[in-house]
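Dear colleague,

Please find the structure below for your records. My findings on its two bound molecules follow.

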Amino acid sequence: MEPASGSRHAGSAARPPAAAAVLPAGGSGERLGSATPKQFCAVHGRPLVSYAVRAIERISWISDIIVVVSPENIETMKTIIQKYGHKRVTVVKGGITRHRSIFNGLKVFAENEFSKYLLQKPEVVVIHDAVRPFVEEDILLEVVMAAKEHGAAGAIRSLVSTVIASSADGFLDHSLERARYRASEMPQAFLFDIIYQAYQQCTDYDLDYGTECLHLALKYCKIKAKLIEGTADLWKVTYKRDLYAAESIIKDNLSQQICVITDVKEDAVQVGLLLHESLKSQIKVEAISISLCKNDSHLQNMFSGRCYNFIYIHDKQSAFQETQLLVDVLEKSNITLLYPVILILVHLNSSENISFSFGMEKLTRIKKFAREVKEKNIWVYGLLIHYKDHLPLQEAVNSAAALIMALIKDRNPELIGQLLVA
Ligand SMILES: Nc1ccn([C@@H]2O[C@H](COP(=O)(O)OP(=O)(O)OP(=O)(O)O)[C@@H](O)[C@H]2O)c(=O)n1
Ligand SMILES: O=C(CO)[C@H](O)[C@H](O)COP(=O)(O)O
């Protein structure tokens with residue numbers, strides 16, 4: 001179950017060959033400048049490498065995923081695999097350069113000494129940097145099918161800047177015609193035997209200074225790679241700003257859909273309908289009116305979509321029991337494993353005096369409840385819709401919709417347990 005994200009050629013009919021993937025993750029992230037190598041930096045609470053692993057593991061036709069990490073990070077990687085429930089992953093010790101790490105990853109399919117188990121050699125192997133989190137199945141399929149046909153293939157992008165060469169004294173020597181050149185990105189794929197033979201023949205210079213796997217296939221096996229136009233999201237996290245960009249993309253993907261759950265009481269249903277109207281131009285809304293009592297079978301089916309945002313509207317003084325039931329169902333559904341789920345508890349109040357109807361005791365209770373369920377990766381926020389004669393319901397609902405959109409787009413952990421007033 002994944003949040004919605006852009007997919008360019010959905011539903012390709014081509015049948016992929018037996019494939020495996022090698023994800024180099026053995027670098028130190030010097031250019032990012034953090035003490036933690038970038039692949040282990042948290043992006044919306046989860047290490048970057050986990051996003052790349054997840055992107056590959058959800059593809060059924062990729063049998064094995066080899067993640068190559070530096071020796072000191074093997075345990076960290078194994079912990080990540082366990083914590084986020086990753087499957088079909090083997091962790092392998094990396095080398096001092098990216099090429100050496102990739103070569104180590106490939107050896108798992110060809111040389112016994114590199115793994116406790118010699119894995120089944122795939123027809124095609126995908127190579128994808130662990131710091132490129134947004135790879136989609138359609139581009140992988142295109143690259144893999146092209147590799148099967150031509151021996152090697154890789155994703156490319158148009159150049160943003162012109163490439164120039166400078167002379168030794170720091171002056172322009174010449175510039176390249178930008179339209180003729182492309183940036184080489186990932187994923188790339190190869191017939192396994194081609195890329196493995198290429199790495200076996202590499203010089204130390206290639207292994208230490210090379211930056212391009214497609215070039216090795218050309219140089220040592222005379223294979224001209226097929227180049228496939230990639231999407232903008234395939235870029236590599238390299239600098240600190242790339243981590244912020246990755247987090248923004250993830251948050252944007254997570255805030256595409258919301259599920260509005262209303263108590264069956266008349267007021268709650270009415271507010272639910274108005275909220276639906278107010279939100280639907282900004283987000284896909286699914287609305288459910290339900291009595292949150294135990295054993296309600298409707299609840300079990302509610303979390304089948306790609307939804308990570310829920311609103312529960314009620315007009316009770318206290319609805320913690322019902323909310324707890326909702327939390328239990330969310331937890332059981334496993335959607336909280338990879339991303340935090342937002343749950344906004346909407347209380348309705350039409351009395352003159354807010355402080356009278358919403359005392360300190362209840363505020364403290366929301367905070368305590370939110371703190372407890374945060375442990376389950378469910379982020380609870382309170383929202384009071386306050387309406388009376390001089391503040392019409394429609395106006396209060398519009399203001400509530402704006403606050404809801406801000407909460408789910410920002411996904412701010414500092415506001416967990418707070419009560420906002422619309
Ligand atoms: N010895 C290395 C060096 C790099 N990589 C991996 O290769 C990918 C792309 O390399 P790059 O962006 O250059 O990562 P770093 O080498 O970590 O970054 P920097 O060059 O800024 O130090 C990353 O997933 C990185 O972890 C690797 O597996 N083994
Ligand atoms: O862009 C690429 C495709 O070949 C590689 O990801 C890139 O060459 C990695 O090199 P570096 O580790 O120096 O960033």
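Ligand 2 sits in the largest pocket, as does ligand 1. A pocket here is an open set of points on a 1 Å grid over the protein atoms alone, with protein on both sides within 12 Å along at least five of seven lines; a molecule sits in it if more than half of its atoms lie within 2 Å of its grid points.

This is a predicted model, in which local features need pLDDT of at least 70 and side-chain atom pairs pLDDT 80 or more, while totals for chains, interfaces and linings use all residues. Residues are numbered from 1 along each chain, chains are lettered from A and ligands numbered from 1 as written, and side-chain values use heavy atoms, without hydrogens or water.

The residues around ligand 2 (a heavy atom within 4 Å) include Arg 31, Arg 98 and Asp 129. Its polar contacts (N or O pairs within 3.5 Å) include an oxygen atom 2.5 Å from a polar backbone atom of Thr 211 and one 2.9 Å from a side-chain N or O atom of Glu 212. The protein covers 76% of the 370 Å² of accessible area that ligand 2 has on its own (Shrake-Rupley method, 1.4 Å probe).

Around ligand 1 there are 19 residues, the closest being Gly 26, Gly 29, Glu 30, Lys 38 and Ser 101. The side chain of Ser 101 places an N or O atom 2.7 Å from a nitrogen atom of ligand 1, and that of Lys 236 places one 2.8 Å from an oxygen atom of ligand 1. Of the 560 Å² of accessible area that ligand 1 has on its own, the protein covers 88%.

With kind regards

Note on methods
A polar contact is a pair of N or O atoms within 3.5 Å; within protein, one must be able to donate a hydrogen and the other to accept it, and residues adjacent in sequence count only if both atoms are side-chain atoms. On a 1 Å grid over the protein atoms alone, a cavity is a set of points where a 1.4 Å probe fits but cannot get out, and a pocket is an open set with protein on both sides within 12 Å along at least five of seven lines; lining residues have an atom within 4 Å of a point.
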